[in-house]
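Grab a coffee and open the viewer. Below are a few exercises to work through, each with a solution you can follow step by step.

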Amino acid sequence: MANTTPAPYTSGMDYAPFDKRFYPVVAPEAGYGEWAADYEATVASGLDRALLPRLRTVAWNQMRQAADLACGTGRTGAWLKERGVGAIDGVDLTPEMLAVAREKQVYRTLLQGDVAATDLPAGRYDLCTMALADEHLEELAPVYRQASRLLMPGGAFVLIGYHPFFLMNGAPTHYHRRDGEAVAIKSYVHLFADHFRAGTGAGLRLVEFEECVIDEAWLETKPKWRRYQNWPVSFALVWRRG
Ligand SMILES: C[S@@+](CC[C@H](N)C(=O)[O-])C[C@H]1O[C@@H](n2cnc3c(N)ncnc32)[C@H](O)[C@@H]1O
């Protein structure tokens, strides 16, 4: 008998129906172009900094070449460099974010482009990272395919994301303009099943999965978020190629 089960959705759900803030929404390149100037001072650094040191399956200091997708201002690149990662190449959509990354001098090359279709060479990297960008991608499959293309066999793809639970509770990725106006950056909700399908579909194997809950240590970086205590706010997935 034919299987009549509908195919699972393959692109992210639009965030708009979940929104509770009703900020104006801008496209990623425009939003990060505007946010770049004070991004590092205002981003919730606990989102990734609480998770990266917890990962057990990546020997950072043995990574010789890394590709940092959606590298932004280079926060992840700087963290990787401090842990002994060798040459790091970064890709990002937004020139203003790349300009800040360039000043850090931790990247071998920095390219402007889409994470779904980079000009980086195939099979070169033993590490690929993407932090805090997946919610801006309508579809996950292309970036997972890209990570798989870039990695050498056995290489690791570390994806850190804003938790879908938090997003579905109506708090979008946003920044404040100089006049104080809050602006949201266009986002999509990706459930973990969506990540799993995209990753396995790209020939990757999930080897580690962590979630970060807002706790006292986290609140030291963003005291105003106390009303969200114990909420899951970010996650990390580590994939291996082959
Ligand atoms: C929240 S920032 C994260 C930057 C950096 N990874 C970090 O953790 O600080 C999101 C970044 O994703 C980039 N971005 C969004 N969509 C992108 C795409 N399709 N291709 C490349 N970069 C993208 C933005 O330009 C921005 O720099």
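## Exercise 1: The central strands

Start from one pair: Asp 68 has Thr 129 in S6 as its bridge partner. Keep in mind that this is a predicted model.

**Task.** Work out how S3 and S6 pair, and in what order the seven strands of the open sheet come.

*Solution.*
- Step 1. Four bridges link S3 with S6, and the pairing is parallel.
- Step 2. On to the next pair: strand S6 (residues 125-131) and strand S7 (residues 151-162) also run parallel, joined by six bridges. Two partners in S7 can be picked out: Ala 156 for Leu 127, and Phe 157 for Cys 128.
- Step 3. Now put the whole open sheet together: its seven strands come in the order S5-S4-S3-S6-S7-S12-S11, and the pairing is mixed. Strand S5 (109-112) and strand S11 (204-213) are the edge strands, each pairing on one side only. From one strand to the next, the twist averages 15°.

## Exercise 2: Helices on the sheet

**Task.** Find which strands helix H5 (residues 95-104) lies across, and which strands helix H8 (residues 192-201) touches.

*Solution.*
- Step 1. Look at H5: this helix lies across strand S4 (87-92) and S5, and runs at about 175° to S5.
- Step 2. Then H8: this one packs on the sheet, where it touches S11 and strand S12 (232-241), and its direction makes about 150° with that of S11.
- Step 3. Add helix H6 (residues 141-150), whose buried residues are Val 143, Tyr 144, Gln 146, Ala 147, Ser 148 and Leu 150. They pack against strand S3 (65-69), S6, S7, H8, S11 and S12.

## Exercise 3: What surrounds Cys 128?

**Task.** List the contacts of Cys 128, leaving aside neighbours within four places in sequence, then place this residue in the largest nonpolar core.

*Solution.*
- Step 1. Check the strand: S6 is mostly covered, with seven of its seven residues buried.
- Step 2. With neighbours within four places set aside, Cys 128 is in contact with Ala 66, Ala 67, Leu 69, Ala 147, Leu 150, Leu 151, Gly 155 and Phe 157.
- Step 3. Compare that with the core: the largest nonpolar core has 61 residues, and Ala 66, Leu 69, Cys 128 and Phe 157 are those with the most contacts inside it. S7 gives the largest share of this core, seven residues.
- Step 4. As background, nonpolar side chains in soluble globular proteins tend to be buried together.

## Exercise 4: The other sheet

**Task.** Which strands stand at the edges of the open sheet that three strands form?

*Solution.*
- Step 1. Write down the order, S2-S9-S8, with mixed pairing.
- Step 2. Strand S2 (25-26) and strand S8 (174-176) each have a single partner strand, so they stand at the edges and one side of each has no neighbour in the sheet.
- Step 3. Look at one pair: S2 and S9 run parallel and are joined by two bridges. Val 26 stands opposite Ile 185 in S9.
- Step 4. Now the helix: H1 packs on this sheet and touches S2, S8 and S9, its direction making about 135° with that of S9.

## Exercise 5: Two residues to classify

**Task.** Is Val 26 buried, exposed or partly exposed? And what about Ser 187?

*Solution.*
- Step 1. Locate them: Val 26 is in strand S2, while Ser 187 sits in the loop between strand S9 (182-185) and strand S10 (188-189).
- Step 2. Count for Val 26: there are 18 C-beta neighbours inside 10 Å, so Val 26 counts as partly exposed.
- Step 3. Count for Ser 187: there are 25 C-beta neighbours inside 10 Å, so Ser 187 counts as buried. The cut-off for buried is 20 or more.
- Step 4. Now contacts, not counting residues up to four places away in sequence. Val 26 touches Gly 31, Val 183, Ile 185 and Lys 186. Ser 187 touches Tyr 15, Glu 135, His 136, Leu 167, Pro 172 and Thr 173.

## Exercise 6: Around the ligand

**Task.** How many residues surround the ligand, and which are the closest?

*Solution.*
- Step 1. The count is 21 residues, and the closest are Ala 70, Gly 72, Leu 93, Thr 94 and Ala 131.
- Step 2. Helix H1 (28-35) and helix H4 (75-82) are the elements that give two or more residues to this shell.
- Step 3. Sort by class: twelve nonpolar, five polar and four charged residues.

Notes: Residues numbered from 1 in each chain as written. Predicted model: local features only at pLDDT ≥ 70, side-chain atom pairs only at ≥ 80, totals over all residues. Pairing = 2+ DSSP bridges. Axes fitted to C-alpha atoms, helices over the stretch in contact; angles between N-to-C directions. Contact = placed C-beta atoms within 7 Å. Core = buried A, V, L, I, M, F, W, Y, C linked by C-beta atoms within 7 Å. Buried ≥ 20, exposed ≤ 12 C-beta atoms within 10 Å, placed from the backbone. Near = placed C-beta within 6 Å. Nonpolar A, V, L, I, M, F, W, Y, C, P; charged D, E, K, R; others polar.
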